[in-house]
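Q: I would like to learn how to read the sheets, cores and cavities of a protein model, one feature at a time. Could we work through an example together?

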Amino acid sequence: MRRRATSSLPGLTRQSILLRKKMDARVKPAHDGAKILCRREFILALGGATATPSLLWPLAAGAQQERMRRIGVLIGVAGDAETKAWVAIFRKRLDELGWQVGRNVDLDERWSAGDPEQSRLFAAELVASKPDAIFAFSSVVVAALQRESRTLPIVFTAISDPVGSGFVESLARPGGNATGFTNFVPTMAAKWMEVLKEIAPQVRRAVLMFNPQTAPYVAEYYQRPFEAAAPAFGVEAAAVIVRQTTDIEAAIADLAREPGGGLIVPPDNFSYVHRALIFALAARHRVPAVYPFRFMAREGGLVSYGVDLGETFPRAAEYIDRILKGTKPADLPVQAPTKFELAINLKTAKALGLEIPPTLLARADEVIE
C-alpha cells in the first residue's frame, strides 16, 4: 500500500508538499521492494524553490550588519593643534574599546571656538540629530546642550563646577543626563597665588582676569577663594572682566602702570582662544602671569599649574562606551582630578628678568628651556 506523503517540517507551504509528491514518483526501487527517496535531489529542489521566509530568517539575521551608533562631539574652543590632539586621543580610545568610526559608530564633531552663540547653535543641531550620546568640552557647551535636552546622555570634561553650574546633583550621584570629569578644585585659586609669589616675589597686586560669558563659574568658584587667600601672601587682589580683545589689552596695560603687578588666568574659553595675545601682552608689559594648563607654558606663558586636560579625554571615551552599552549617566560618578602639574618656561622668565628659585624648579613637572 502506498503511503501518503505528508510534511513533517513546520512551516512548509502547499507548494512544498506538492513538490514532495512529485519527488516520490522519482524514487528508485530497492532490492527489498522499499522505495528510497532521492534525498539530496529533494533538499536541493526544496531549498531552491519552496523555502519559506521563516526558514530563511536565521540566515538573514546573521547577515545583518551591526547597528550604527552615533556620538556627537561639541568642543567649546577652536580646533587648534593641541585640542585636535586630545580629540584624536578620544577617538583612539573609542577604537580600542571596539567603537570604530565608519563601521559601528559615526562621530559628528562641532567646534564653537569659544563663541557662546555658536555653542548654542551647535548644541541645538546636535540634539536635533538624536545621537546616542554627546561628548562635551567646557561649561558653556554643556549648559547649551542641557537647555536643549535633559534626557540625552552627555559626558563632559574641562568643567570647573558641575554641581554649582547645575549640570549634576552631586559628584557621587549625578542624578540626571550628564556626568564626566572635573579639572579643578576651589583651592586652585590659592595655589595659583602661591606659585605667582614664589616665581615673582615682588608682586603686590594680583588680578584674576576672565570673561563671565564664557566662564560664569569663575566669580563663585575661583574669585572668592582668590580674594580670601590674597592677604596671607601680602597681595591686594582684584577681578577684571574682559569680553573682547581690547579689554585684554587694557587690563594688562593698566596692571603694568605700577610695579608689582601680577596676572592670574583661570580656566576660561575666552582666554583659551586668545592665549597667544595674552602671552604677547604679558611679555611686552613685563607682567608675570600664571596659567591653568601646561601647554600654555610650552607656548610662551611664564608658569602653569593645573591638570593635564588630555588625560581626561580617553577616560571620557570609556564613559561613552559604558553608556552605549546601557549604563545611565546618573549611575556614573563625576570624577575629580587627583594629579596636578607644574610647568615653568625659563625663556619667558629670563625675558621678564625673573630668577626662578631652585626649590620651585625642583618641584616642576616640566621646565621649558
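**Reading sheets, cores and cavities**

A: Let us begin with one pair of residues: Val303 stands opposite Ile344 in E13. This is a predicted model, in which local features need pLDDT of at least 70 and side-chain atom pairs count only at pLDDT 80 or more, while totals for chains, interfaces and linings use all residues. Residues are numbered from 1 along each chain as its sequence is written, and side-chain values use heavy atoms, with hydrogens and water left out.

Q: In what sense do strand E12 and strand E13 pair, and over how many bridges?
A: Two strands pair if DSSP finds at least two bridges between them, and the strands (E, at least two residues) and helices (H or I, at least four) are themselves DSSP runs, numbered from the N terminus. Here strand E12 (residues 303–306) and strand E13 (residues 341–345) pair in the antiparallel sense, over 4 bridges.

Q: What is the order of the strands in the open sheet of 7 strands?
A: The order is E9-E8-E10-E11-E12-E13-E14, with mixed pairing. Strand E9 (236–241) and strand E14 (366–368) are the edge strands, each pairing on one side only, and the twist from one strand to the next averages 20 degrees.

Q: Which strands does helix H7 lie across?
A: Angles run from 0 to 180 degrees between N-to-C directions, the axes being lines fitted to C-alpha atoms, for helices over the stretch in contact; contact means heavy atoms within 4.5 Å. Helix H7 (residues 188–199) lies across strand E8 (205–210), strand E10 (261–264), strand E11 (289–291), E12 and E13, and runs at about 155 degrees to E12. Helix H8 (residues 218–229) also packs on the sheet, where it touches E8, E9 and E10, and its direction makes about 175 degrees with that of E8.

Q: How is the open sheet of 5 strands ordered?
A: Its order is E4-E3-E5-E6-E7, and the pairing is parallel. The edge strands are E4 and strand E7 (178–182), each of which pairs on one side only. Within this sheet, E3 and E5 pair in the parallel sense over 5 bridges, and the bridge partner of Val73 in E5 is Phe135. E5 is joined to E6 by 4 bridges, again in parallel, with Ile134 opposite Ile154 in E6. Ile154 in turn has Ala178 in E7 as its bridge partner.

Q: Which way do the side chains of E5 point?
A: In a regular strand the side chains alternate between the two faces of the sheet. In E5, Ala133, Phe135 and Phe137 point one way and Ile134 and Ala136 the other. Buried means under 20% relative accessible area, exposed over 50%, and partly exposed in between, with a 1.4 Å probe and protein chains only. Because 5 of the 5 residues of E5 are buried, E5 is largely enclosed by the rest of the structure.

Q: Which helices pack on this parallel sheet?
A: H4 lies across strand E3 (69–75), E4 and strand E5 (133–137), running at about 165 degrees to E4. H13 touches E3, E5, E6 and E7, and its direction makes about 165 degrees with that of E5.

Q: How many residues does the largest nonpolar core have?
A: In soluble globular proteins, nonpolar side chains tend to be buried together. A nonpolar core is a set of buried Ala, Val, Leu, Ile, Met, Phe, Trp, Tyr and Cys residues joined through side-chain atoms within 4.5 Å. The largest one here has 81 residues, and those with the most contacts inside it are Phe90, Phe135, Trp192, Tyr222, Leu263 and Ile320. Helix H13 (residues 309–324) gives the largest share of this core, 8 residues. Leaving aside its neighbours within four places in sequence, Phe90 is in contact with Val73, Phe135, Phe313, Ala316, Ala317 and Ile320. A second, separate core of 19 residues includes Phe122, Ala123, Val127 and Val142.

Q: Is Gln100 buried, partly exposed or exposed?
A: Gln100 is partly exposed, with a relative accessible area of 30%, and lies in the loop between helix H4 (81–96) and strand E4 (105–111). Leaving aside neighbours within four places in sequence, Gln100 is in contact with Asp95 and Val105.
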